[in-house]
Amino acid sequence: MNKISKLMTVVLAVVISSYSMNLEAKSDKTVDKARSAVENASPDDWQTYAKSAQMLIRKKANMAEAKMWIEKSIEIRETPFNLEIMGDYYVKNNLPKQAIKFYIKSMDKLKENDANIDTAEIQDKIVKATTMK
């Protein structure tokens with residue numbers, strides 16, 4: 001029985017280690033892809049900075065770099081898209097008050113062009129942020 005439990009422990013350790021390395025490899029590829037996009041972007045390409053930041057935020061990889069890129073995107077041109085991504089950044093970092101602030105700014109920006117636009121998706125994010133602990 002003792003040999004079986006030792007064997008199971010070793011097998012479990014190998015499985016966990018393999019899974020962890022696989023996640024790191026996927027994260028590294030995401031970071032490399034995002035960096036490449038930013039390096040090849042023109043200085044006024046707010047969309048590339050925003051989309052690259054979004055990729056990192058979704059994977060919760062290199063969050064400091066993601067924040068720099070989303071800030072750069074907003075600096076170039078403030079849009080509903082990049083404001084929402086900044087909200088997502090703050091949610092991933094467990095900062096709901098800051099997230100809500102950017103989600104509201106995103107909704108306001110959306111409504112500048114169309115007061116009747118559907119903002120349900122962003123409203124759902126606000127609700128989730130208000131229930132964060």
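Read along the sequence, the chain follows the pattern α-α-α-α-α-α. The model is a predicted one, and the chain holds six helices and zero strands. Of its 133 residues, 32% count as buried. Among the contacts in the chain with a separation of 6 or more, 48% are accounted for by residues 24 or more positions apart.

Two helix pairs are described here, beginning with α2 and α3. Helix α2 spans residues 46-59 and helix α3 spans residues 63-76; the two pack at an angle of about 155 degrees, and their axes are 8 Å apart. Because angles over 145 degrees count as roughly antiparallel, α2 is roughly antiparallel to α3. The crossing of α2 and α3 is left-handed. On the α2 side, the contact is made by W46, Y49, A50, S52, A53, L56 and I57. On the α3 side, the contributing residues are M63, E65, A66, W69, I70, K72, S73 and I76. By class, the contact of α2 with α3 comprises eleven nonpolar, two polar and two charged residues.

The second pair consists of α4 and α6. Helix α6 covers residues 120-130, and the axes of α4 and α6 come within 11 Å and cross at roughly 20 degrees. Since angles under 35 degrees count as roughly parallel, α4 is roughly parallel to α6. The crossing of α4 and α6 is left-handed. Three residues of α4, namely E84, D88 and V91, meet E121, I122, K125 and A129 of α6 in this contact. The residues of the contact of α4 with α6 divide into three nonpolar, no polar and four charged.

One of the α4 residues in this contact, E84, was examined individually. E84 lies in helix α4, which runs over residues 80-92. The relative accessibility of E84 is 14%, and E84 therefore counts as buried, the cut-off for this class being under 20%. Not counting residues up to four places away in sequence, E84 touches Y103, S106, E121, I122 and K125. Of these, E121, I122 and K125 also belong to the α6 side of the contact between α4 and α6, while Y103 and S106 are listed among the buried residues of α5.

Helix α4 as a whole has 13 residues and reaches 19 Å from its first C-alpha to its last, close to the 18 Å expected at 1.5 Å a residue. Its buried residues are N82, L83, E84, I85, M86, G87, D88, Y89 and Y90. These buried residues of α4 pack against α2, α3, α5 and α6. Helix α4 is followed by N94, whose phi is positive, near 55 degrees.

Helix α5 occupies residues 96-113. At 1.5 Å a residue, the 18 residues of α5 should span 26 Å, and the end C-alpha atoms of α5 are 27 Å apart, which agrees. The buried residues of α5 are A99, I100, F102, Y103, S106 and M107. The packing partners of these buried α5 residues are α3, α4 and α6. Helices α3 and α6 thus receive buried residues from α4 as well as from α5.

Notes
Residues numbered from 1 in each chain as written. Predicted model: local features only at pLDDT ≥ 70, side-chain atom pairs only at ≥ 80, totals over all residues. Heavy atoms only, no water. Axes fitted to C-alpha atoms, helices over the stretch in contact; angles between N-to-C directions. Helix = DSSP H or I, 4+ residues; strand = E, 2+ residues; numbered from the N terminus. Parallel < 35°, antiparallel > 145°, perpendicular 65-115°, else oblique. Left-handed = near helix turned anticlockwise from the far one by under 90°. Contact = heavy atoms within 4.5 Å. Nonpolar A, V, L, I, M, F, W, Y, C, P; charged D, E, K, R; others polar. Buried < 20%, exposed > 50% of the residue type's maximum accessible area, 1.4 Å probe, protein only. Expected span 1.5 Å × (residues − 1).
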